[in-house]
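Student: Could we go through this model together? I'd like to start with how its parts meet and then turn to the metal.

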Amino acid sequence: MDSVVLQISLLVSLTGGLWYALNKHVGKALPLPPGPPADPLIGHLRLFPKANPELVFHEWAKTYGDIVHLSFFGRSVVVLNSLEAAIDSLEKKSAIYSDRPDLVVYDLMGWTPNLPFLPYGERFKKHRAIFHSHFIPEACVDYQHVQLQNVHLLVEGLMKNQGHHDRLLSRFTTSIAIRIAYGHQIRSDDDEYISIANDCGVALRQGGAGGTLVDLFPSLQYFPSWFPGTYFANVGRGWKWAINKLYDYPFDSVRKEMAEGIAQPSFLAAELEAAAGRELSKEEVEDIKGVAGGIFAGGTETTWSSLTVFFLAMLLYPECQKRGQEEVDRVVGKHRLPSFDDIESLPYVNCVVQEIFRWKPVIPLGIPHRCTEDDNYRGMLIPKGSLVFANARAMALDPSTYKDPSLFNPARFLPETDGGRGEPLFEPAFGFGRRICPGRHLANASVFIAVATIFATLNISKAKDENGLEITPSLVFETGLTSHPKPFPCNVVCRSEGTARLIQEAVDTID
Ligand code: HEM
């Protein structure tokens, strides 16, 4: 009996969507933006690219223009393929373009309240304000010693662990997030925080990035697990324990450490201290746990993928590694390691950092925004409720802004007077408007210090196969919420005994 009721309600939900699809634009004068021909009823469902949608959308833009419209059972999806279109809407009309779609699977996992997934509203503003106060450039200076210590641990690991660069880069970014959020320094892979972080990373990757049937038809979450289309609801519920652990384990540990007077400085400790012994409401506790979890959710995979892209680029463009090493050697010398004081004196290293973000944006389609009002853009209707994707990859490949855009060429950003092309830095990597990444200053600093220190200390080169032939990695990416290079082998060796000694001395001073 129950299943009959459920099937009827699904039918009602689908036919409701269909009715909405067929009727919602009746009477509206404006046309929708163009897009490829759709199937009746299901719209573009069959056409939706299974891999690298950002590249397919980029291709479609050549035929249909920079704003492409798709529909799924009557739900509009708009892809913005140019910087101009993204700025005109997501920035200039941010009052109506700053909502998020219902990310049902992540909600079932228990991520909410967590900034990347929060709808636009009071709680969103509260979380942004907390993030803002902890991650504006002035506040990020306080985290520089954490980044320095962890980059020294990273290089020490890379010198010793041939073939484990991907895992060590992941540990580097996880360690920074965990230390800033909870005050805990990770020193080995069997740390409890590593296993919490790994589980949550897998959960994030398996959540379907808002594009599952359950996200499109939230009522599916109430159907039994055998019902077709409910797979991702079960995935969501199946990972709830992991996100609960991310929220509860550090919270309980830091509170205990504070009571014992041994807590290290951290976001969590600062927020609990600000409460000054006052009993926190349930919502306040959820908010603190959610923001701390957001530091992890927003900051680890993204920075990790960017650094893996850096390794890939160094294998494919060894001349860039050579030029970066020469600059670091000239400015920093051989008797110390790079520090944040060197930022202004290392223009080429800064260009390498920016080119990593442009060459392969690690969130190529951004996180979808939702439009909360009908909008008339260039005489076209962007319907209320549309999911809006800003295709950063398409913007990075725009040949009118970036010459030979598919090549990794950091010098493109240098002024023409210094032999560069004076091309603009690539800001779309961090999103747009009121949703722009609040961790971008921290991310820039982490990637800068990693690139500068690796240039100073290590040589990255292609691995060889059993016949002694160099292995050239291909540019293949795993896609999910972030786009991560598929594992590739590489050789990492220390540049000299002197640099190995400097790293060892730096690591020995970490308490
Ligand atoms: C290279 C590293 C990073 C990249 C490429 C990146 C990129 C992005 C992008 C594209 C968005 C979506 C913006 C939009 O919706 O328009 C975003 C959101 C976000 N990022 Fe980052 N991010 C990085 C590092 C970080 C770090 C280190 C943190 C934390 C300290 C962080 C925290 C967040 C949060 C909380 C959001 C959600 C903002 C909101 O929904 O209002 N990110 N990031």
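**Domains and the iron site**

Tutor: Bear in mind that this is a predicted model. In it, 31 residues of domain 1 are in contact with 25 residues of domain 2.

Student: Okay, and which residues belong to domain 1 and domain 2?

Tutor: The domain assignment of the chain gives 2-101 together with 373-390 as domain 1, and 125-367 together with 392-508 as domain 2. Their C-alpha centres lie 31 Å apart.

Student: How much area is buried between domain 1 and domain 2?

Tutor: About 2,600 Å² is buried between domain 1 and domain 2, and carbon and sulfur atoms give 68% of that area.

Student: What is the count of salt bridges between domain 1 and domain 2, and how many residue pairs are in polar contact?

Tutor: The count of salt bridges between the two domains is 0, while 6 residue pairs, both partners at pLDDT 80 or more, are in polar contact.

Student: Which elements give two or more residues to the side of domain 1 that touches domain 2?

Tutor: Those elements are α1 (2-23), α2 (53-64), β2 (75-80), α3 (83-91) and β6 (387-390). The largest share, 7 residues, comes from α1. By class, that side of domain 1 has 16 nonpolar, 10 polar and 5 charged residues.

Student: Switching to the metal: what is the protein donor of the iron atom of the ligand?

Tutor: Cys-437 is the only protein donor of the ligand's iron atom, through SG at 2.3 Å.

Student: And where is Cys-437?

Tutor: Cys-437 is in the loop between α17 (392-396) and α18 (440-457).

Technical notes: Residues are numbered from 1 along each chain as its sequence is written. This is a predicted model: local features need pLDDT of at least 70, side-chain atom pairs count only at pLDDT 80 or more; totals for chains, interfaces and linings use all residues. Side-chain values use heavy atoms; hydrogens and water are left out. Donors are N, O and S atoms within 2.8 Å of the metal (3.2 Å for Na, K and Ca); water is not among the atoms, so sites may look incomplete. Helices (H or I, at least four residues) and strands (E, at least two) are DSSP runs, numbered from the N terminus. Domain bounds come from an automatic or database domain assignment. Contact means heavy atoms within 4.5 Å. Buried area is the accessible area (1.4 Å probe) that two parts lose on being put together, summed over both. A salt bridge is a side-chain nitrogen of Lys or Arg within 4 Å of a carboxyl oxygen of Asp or Glu. A polar contact is a pair of N or O atoms within 3.5 Å; within protein, one must be able to donate a hydrogen and the other to accept it, and residues adjacent in sequence count only if both atoms are side-chain atoms. Ala, Val, Leu, Ile, Met, Phe, Trp, Tyr, Cys and Pro count as nonpolar, Asp, Glu, Lys and Arg as charged, and the others, Gly among them, as polar.
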